[in-house]
Amino acid sequence: MAHIELRELDDDDLDAIFEMMRDAEAVEMAAFTASDPDDRAAFDAWIARERASTDVALLVVTERGGFAGTAGVFTVDGDREVTFWIARHAWGRGVATAALRLLIAREPIRPLFARTAVHNARSLAVLEHCGFTEVSRTLSYAPGVGRDVEEALLTLVPALDGA
């Protein structure tokens, strides 16, 4: 597998992130996205808020130094959650799993949580390969697809010392 790293996001990444998050197949898989992925002004406002938040760590995933996606950690109602979005050109080669393992290693807080559309089998597999286990499912409106979608909540619990 190619060399995968996480690095800080910079202004030069914004166009690549916007284009990645507009990919129709990726939006269908993610489901819980912007209602209009083509709205650059809304994207710019959203990413500016994320970058300004002290509760958010949004990183760029690189494969052999080139842009391959994003990964991040943020807080919702006191819980730390992970997220990742891998560009289509990097699908199917273990990039997401490697990136999530790097992200988990950087984030000391446990438990960690993750959410994914249940129909996104690849995302579920990545989370499970990294030690997350499913704890619940809910039906929620997914703006990216304009309909209700079943969403899985997964958690990564603290490791027990000496176990």
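The following paragraphs go through the confidence, the nonpolar cores and some salt bridges of this structure.

This is a predicted model, in which local features need pLDDT of at least 70 and side-chain atom pairs count only at pLDDT 80 or more, while totals for chains, interfaces and linings use all residues. Residues are numbered from 1 along each chain as its sequence is written, and side-chain values use heavy atoms, with hydrogens and water left out. The mean pLDDT (the predictor's confidence in each residue, from 0 to 100) is 94 for the chain, and 96% of its residues reach 70 or more.

The largest nonpolar core (buried Ala, Val, Leu, Ile, Met, Phe, Trp, Tyr and Cys residues joined through side-chain atoms within 4.5 Å; buried means under 20% relative accessible area, exposed over 50%, partly exposed in between, with a 1.4 Å probe and protein chains only) has 29 residues, and Val-82 is among those with the most contacts inside it. Helix α4 gives the most to this core, with seven residues. A second, separate core of 13 residues includes Leu-14 and Phe-43.

A search of the whole structure finds 16 salt bridges, each a side-chain nitrogen of Lys or Arg within 4 Å of a carboxyl oxygen of Asp or Glu. One of them joins Glu-63 and Arg-93 at 2.5 Å, N to O; because Glu-63 lies in strand β2 and Arg-93 in the loop between β4 and α4, the pair ties together parts that are 30 residues apart in sequence. Glu-63 is buried, at 13% relative accessible area, whereas Arg-93 is partly exposed, at 40%.

Methods:
Helices (H or I, at least four residues) and strands (E, at least two) are DSSP runs, numbered from the N terminus.
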